Structures are given as structure tokens and as C-alpha cells.
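Please look over the sequence and the model displayed below before reading on. The questions that come after it concern packing and burial.

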Amino acid sequence: MTPLSREDESPEDDKDEEANRLLQSESRPSSLDDEEAAYEAGEKILIVDLDSIDDKDSMTVPPFSWKKLWLFTGPGFLMSIAFLDPGNLEGDLQSGAIAGYSLLWLLMWATIMGLMIQLLSARIGVVTGRNLAELCRDEYPNWARLVLWFMAELALIGADIQEVIGSAIAIQILSHGVLPLWAGVVITASDCFFFLFLENYGVRKLEAVFAVLIGTMALSFAWMFGDAKPSGKELMMGILVPRLSSKTIRQAVGVVGCVIMPHNVFLHSALVQSREIDPRKKGQVQEALNYYSIESTVALSVSFIINLFVTTVFAKGFYSSKQASSIGLVNAGQYLQEKYGGGLFPILYIWGIGLLAAGQSSTITGTYAGQFIMGGFLNLRLKKWLRALITRSFAILPTMVVAIVFNTSEASLDILNEWLNVLQSMQIPFALIPLLTLVSKEQVMGTFRIGLVLERVAWTIAALIMVINGYLLLDFFLSEVKGLLFGFVVCSCTAAYVAFIVYLISLSGAVPFSWVNLLAKRFSLSEV
């Protein structure tokens, strides 16, 4: 089979088609050779279709093919790892221990909301042939672009610290406590070089390793699920019957807040470019969108089941118990061992293996995301090893400090985790607003821009996620902010934070206040 032709379409063939080009030439840099690319041409996987080889201008979507679905399978599973990182697992176990089965329905719907956001991220990557960070570089003035880049890096560092600490805790468990937390951090840091080694063997080899890690998580937590033997009736009631009480509101907010990882929105828009798609050919684009939708749905279904396993294990073992409010990532393995005992293979080590797979896979995808974010926003053309080393250092250096300073007690690590959750929650608007702004623009998306109904649904979901995380931030700061000076600093930063969000929304056109849009445009022009 031969690859699809990549010859340019002739503008004389169809003037209407030319007017609806998927890429707006005015918004693109004058020289594509000077741009940082997510994947070089030789790294991409060729997608072939015999039916359309002789019809290069065809807008017809080829029939479904299992073989082609297999070729498109990969990016969605890499994206789904962010739904399974140690931070999410800690949210799962705390939700199960404190709320029992009552929030399983929310976990399901939160995953569905996350799927919709990730499909929009994949859509913008396939249609434009560029990732979200690259598009933001052209969409916003320099000062706003740099602020967005800084916020994305902060979110990535916060997520990476949790992931590396999670891996270090797993290594500590599996080594019988011989290796301290800082040693686990050093071992986990080496995944940067493992990642570079894998990249030399192609995208599919890298995706296969992640498939093994996801399979390891699924097997480990399924084993725990089998050992715990949770109630099937209560499990189904938890999924199908919405329940929420004042005692579980904090856990509910945590369940929703864990779904959207800011760096993951940027990552998925780049991962989908690993397949050879000509964004000027509508048939190819729509076909890719169809396959990526199927693949992402399957991937997040798997992640939902894994999260379900973890939640129900801790719901069965610790709901309404004295330990429920004190369980965290650090002591979860010991509590499981005391509750369920040894068995054929001690549950402590099963938990450690699953946690290690979650931590290692998420730290590697964090390195991947860091490369795309830095390269996209700053257009840096660096060698892969150097770019990966820089992005890895951003996370590892603060994590080493954290491991040494906060290794004194479980309580200190729990406090750190709360602050990291707040840090990531604050960055969510700076990924969602640019995504929804760009995916709604005809100048960027052409005929593939989302429709009015989908646009309103997407903005509603984004608003809901931001409001929920806003509640988390308010609740956290009300309990933690003490002292006049600290309070003044927090209020000042909050004012600037809200002002920037309003600015981004005003540029999106989603707010029908013309004077706000006019003010934002004038401010933008004065800064350029």
C-alpha cells in the first residue's frame, strides 16, 4: 500500500474551497521552516487508504476500517494517563474513604466532561496541523502569550511534583523502606533519558510502553478490587443515582477538579499530529477526527474503570472508619495491608506496583507535554535531548527540595498536596479559554469550527469546571490565609488573576459585552 498524496490543491479548481481553507494563511508565520514542529515528517505514522489514492481532492470519508483504527490508536491512551496520575489516585482513595460509593456518578460524568474537552483539543490539532501552544503564540499579543506560557509551566511543575513524589512513594514501598523519598525522586528523574531512548525507536514503540504501563495499572487495581470484593449493588447505585451531601462536597469538588489537567489539553493537540494527515484534505481530516474520537473514548473508558477500582476498594475498606479522614497517598498501602492482609501476594506490593506504573507513565508524559508547551509558546528549536533535559529540570529541582523538606511527616506531604492541587486548579482557565476561543474561530478551523450548540455546551462545561475549582480555591484560601499582609498579597494577586481571565474571555467573543471587547482590543493593541 502506498501513502496518500500530499500535493497542494489548486486554487483554480474551486474558489469556494479556497475561501474555506482550513489554515488561515495570514495567521501563519512566513516561513514554516523556522517553526518548532511537534513531530518531524520522518517521525509521523503514514495512514494509507487505497480507495482515495487516485482522488487527491476527495472530500468523501472512507468507510470504517479496523486496521486504520489500529493505526490511529495511541495518542488517546497517552492523553488518558493524566486521568490516572498519583494525584488522581489520591483523590480516588480519599473520595472512597470519606464518601463511600456516593460519588461514583460524579466520577463518571466528570470523565465524560473531560472527554469532551480532550476531543476539542484533538480536533484543533488535527484540523490546523499545529498544537494549542503554537496557535496561542499567534493568537495573543506577546505579553499575554508569555503569561499563558508561564501559567502552563506552573501547572506542569505542580503536576510533575505530585507524579514524581507518587513514584518515589511507590519505590519506597517496594524497597521495604530502604530507599528514602529523595532517592526515589532521583530514580524517577532518570525516566527523562529512558524517554529519549524510546523516541529513537519511533512513536509506536513509545506508545507500546505506555500501553504496558496502563495494563499494569489495570491489572494491579483489578487485583485489589477482587481482593476487596465490594458490593455490586452499592457500586451500581453509586454510578446511577446522583447523591451529594454537605459532608462530601470537598471530595466532590476534588473529583471534578482532577479531571482537567491544564498541560494535558496542550499535550493532546500535539500528540494527534503523530499521524500523517494533510489538513487541507477534508476527507482525511474528518476520518482522523472520527478515529481519534473512538480511540479517546475507549482510552478514557479504561481510565474510568481503573479510577472506579481504586475508589470502590477504599470505599469498601475504610468508609465510615476512624482512618477515613487520615488516608493519603503516603499511608494508603499500609492501611490496605492492615485491612486486607497478605494473601497470595501482599496487597501492599500490588498497590505499590500500580502506583509506580501511574507515577512513571505520568512523569514521562509530563516531559512530553513540557517539550510541546515550551516549543509551541516560545518557538525554540532545540535538540530533543536538550529540550527534554530543560523541561525535566523545571520539575525535578523543586521536587528534590520538596522531598527533602517535606519528608518529615505524612501530614506535611498532605499539606503540600493541597497546595499543589490549588496551583493546578488556578491554571485551568488558561488552557480552557484559549482552546474554546480557537476551536470556535472559522479563521482558524475553517469548516471544522464547532457549531453554535456545541460551542455553548463546551463553554457551559468550562464555566462549570472553573466555578467548581473557584470554590476549591476560595475554600482553601479562607482556611489558610492568615495575617493582614498575606491577605493583602492574596487579594492583589486574585484581582490580577481575575482581570486576566476576563481579558481572555473578552477576546474569545463568548461574552456579548461590546464595550468589554473594545477595551480588550485597545489594551491588546497598545501592548503589541
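The following questions and answers treat the chain as a whole, then one helix and its partner, and then one residue.

Q: How many helices and how many strands are there in the protein chain?
A: This is a predicted model, in which local features need pLDDT of at least 70 and side-chain atom pairs count only at pLDDT 80 or more, while totals for chains, interfaces and linings use all residues. Residues are numbered from 1 along each chain as its sequence is written, and side-chain values use heavy atoms, with hydrogens and water left out. Helices (H or I, at least four residues) and strands (E, at least two) are taken as DSSP runs and numbered from the N terminus. On that basis the protein chain has 23 helices and two strands.

Q: What share of the residues in the protein chain is buried?
A: A residue is buried when its relative accessible area is under 20%, exposed when over 50%, and partly exposed in between, with a 1.4 Å probe and protein chains only. Of the 528 residues in the protein chain, the buried ones make up 54%.

Q: Which residues of H6 are buried?
A: Helix H6 spans residues 132-139, and six of its eight residues are buried, leaving the helix mostly covered. These buried residues pack against H16 and several other helices, including helix H5 (104-128) and helix H7 (142-174). They are Leu-132, Ala-133, Glu-134, Leu-135, Cys-136 and Arg-137.

Q: Is H6 roughly parallel or roughly antiparallel to H16?
A: Axes are lines fitted to C-alpha atoms, for helices over the stretch in contact, and angles run from 0 to 180 degrees between N-to-C directions. Helix H6 and helix H16 (residues 347-378) pack with their axes 7 Å apart and at an angle of about 20°. Angles under 35 degrees count as roughly parallel, over 145 as roughly antiparallel, 65 to 115 as roughly perpendicular and the rest as oblique, and H6 is therefore, relative to H16, roughly parallel.

Q: Which residues in H16 meet H6?
A: From H6, the contact (heavy atoms within 4.5 Å) involves Ala-133, Glu-134, Cys-136 and Arg-137. Their counterparts in H16 are Phe-372, Ile-373, Gly-375, Gly-376 and Phe-377.

Q: What is the C-alpha separation of Asn-307 and Met-108?
A: Asn-307 is found in helix H14 (residues 282-318), and it counts as buried because its relative accessibility is 4%. Not counting residues up to four places away in sequence, Asn-307 touches Phe-83, Leu-84, Leu-89, Asp-92 and Leu-107. Although Asn-307 and Met-108 are 199 residues apart along the chain, their C-alpha atoms are separated by 9.6 Å.
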